[in-house]
Amino acid sequence: MAIQKQYLKSKPECKVTFTVPAETAKEVKVVGSFNAWNSEETALKKLKNGNFKGSINLPKDQSYEFRYIIDGTYTNDDQADAFWWNDFAATENGVLVL
């Protein structure tokens with residue numbers, strides 16, 4: 001899995017691109033504090049090479065908890081900036097620091 005950050009010069013935002021290798025998956029979504037954990041909001045697009053990829057712009061100078069949903073199963077990105085315990089989910093979530 002990979003997270004790419006591109007800070008925009010024209011706005012106080014960062015373009016975050018998520019890439020998830022999941023050749024056998026049918027669907028991959030990214031959910032987090034940036035989209036109120038709404039699984040209908042940020043689906044990643046499947047590429048010909050089997051990866052799923054998508055980008056979102058987020059305000060910089062903030063931190064966001066997030067996870068992927070791969071065919072209904074919640075998964076952390078091992079390349080997250082940090083991991084925070086979440087009592088509601090009773091597990092750790094990945095963290096983006098922008």
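The following exercises, each with a worked solution, concern salt bridges, strand pairing, the nonpolar core and aromatic pairs in a predicted model.

Residues are numbered from 1 along each chain as its sequence is written, and side-chain values use heavy atoms, with hydrogens and water left out. Since the model is predicted, local features need pLDDT of at least 70 and side-chain atom pairs count only at pLDDT 80 or more, whereas totals for chains, interfaces and linings use all residues.

**Exercise 1. Salt bridges**

Determine how many salt bridges the structure holds, and describe the partners of each.

Solution.

Step 1. The criterion is a side-chain nitrogen of Lys or Arg within 4 Å of a carboxyl oxygen of Asp or Glu. The structure holds 3 such salt bridges.

Step 2. One of them joins the side chains of D81 and K5, at 2.5 Å from N to O. D81 belongs to the loop between β7 (73-75) and β8 (82-86), and K5 to strand β1 (residues 2-7), so this pair ties together parts that are 76 residues apart in sequence. Helices (H or I, at least four residues) and strands (E, at least two) are DSSP runs, numbered from the N terminus.

Step 3. Accessibility is classified by relative accessible area: buried is under 20%, exposed is over 50%, and partly exposed lies in between (1.4 Å probe, protein chains only). D81 is partly exposed at 41%, and K5 is partly exposed at 29%.

Step 4. E27 and K29 form a salt bridge through their side chains at 3.8 Å, N to O. E27 is partly exposed, with a relative accessible area of 41%, while K29 is buried at 11%.

Step 5. K29 also meets E40 in a salt bridge, at 3.6 Å from N to O. K29 lies in strand β3 (residues 28-32) and E40 in the loop between β3 and β4 (45-46), so the pair ties together parts that are 11 residues apart in sequence. E40 is exposed at 65% relative accessibility. Through shared partners, the salt bridges join E27, K29 and E40 into one network.

**Exercise 2. Strand order and register**

State the strand order of the open sheet of 4 strands, and follow the pairing from β1 through β2 to β5.

Solution.

Step 1. Strands of a sheet pair through backbone hydrogen bonds, either parallel or antiparallel. Here two strands count as paired if DSSP finds at least two bridges between them.

Step 2. The order is β1-β2-β5-β4, with antiparallel pairing. β1 and β4 are the edge strands, each pairing on one side only.

Step 3. β1 and β2 run antiparallel and are joined by 6 bridges. These two strands form a hairpin with 5 residues between them. Q6 has K15 in β2 as its bridge partner.

Step 4. β2 pairs with β5 in the antiparallel sense over 9 bridges. K15 stands opposite N57 in β5.

**Exercise 3. The environment of I56**

Establish whether I56 is buried or exposed, and list its contacts beyond its neighbours in sequence.

Solution.

Step 1. I56 is placed in strand β5 and is buried, at 16% relative accessibility.

Step 2. With contact taken as heavy atoms within 4.5 Å, and neighbours within four places in sequence set aside, I56 touches C14, K15, V16, F18, F34 and T42.

Step 3. I56 and C14 are 42 residues apart along the chain, and their C-alpha atoms are separated by 8.2 Å.

**Exercise 4. Core and aromatic pairs**

Identify which residues of the largest nonpolar core touch the most other members, and characterise the aromatic pairs F18 with F66 and F34 with Y64.

Solution.

Step 1. A nonpolar core is a set of buried Ala, Val, Leu, Ile, Met, Phe, Trp, Tyr and Cys residues joined through side-chain atoms within 4.5 Å. The largest has 21 residues, of which F18, F66 and Y68 touch the most other members. β2 (13-21), β3, β5 (51-59) and β6 (63-70) each supply at least two residues of this core.

Step 2. Rings of Phe, Tyr and Trp (its six-membered ring) pair if their centres lie within 6.5 Å; planes under 30 degrees apart count as stacked, over 60 as edge-to-face and the rest as tilted. The whole structure contains 5 aromatic pairs.

Step 3. F18 and F66 form a tilted pair, 5.7 Å centre to centre with 50° between the planes. The pair links strand β2 with strand β6, the two residues being 48 residues apart. F18 is buried at 1%, as is F66 at 0%.

Step 4. F34 and Y64 form an edge-to-face pair, 6.2 Å centre to centre with 70° between the planes. F34 lies in the loop between β3 and β4 and Y64 in strand β6, 30 residues apart. F34 is buried at 18%, and Y64 is buried at 7%.

Step 5. F18, F34, Y64, F66 and Y68 form one aromatic cluster.
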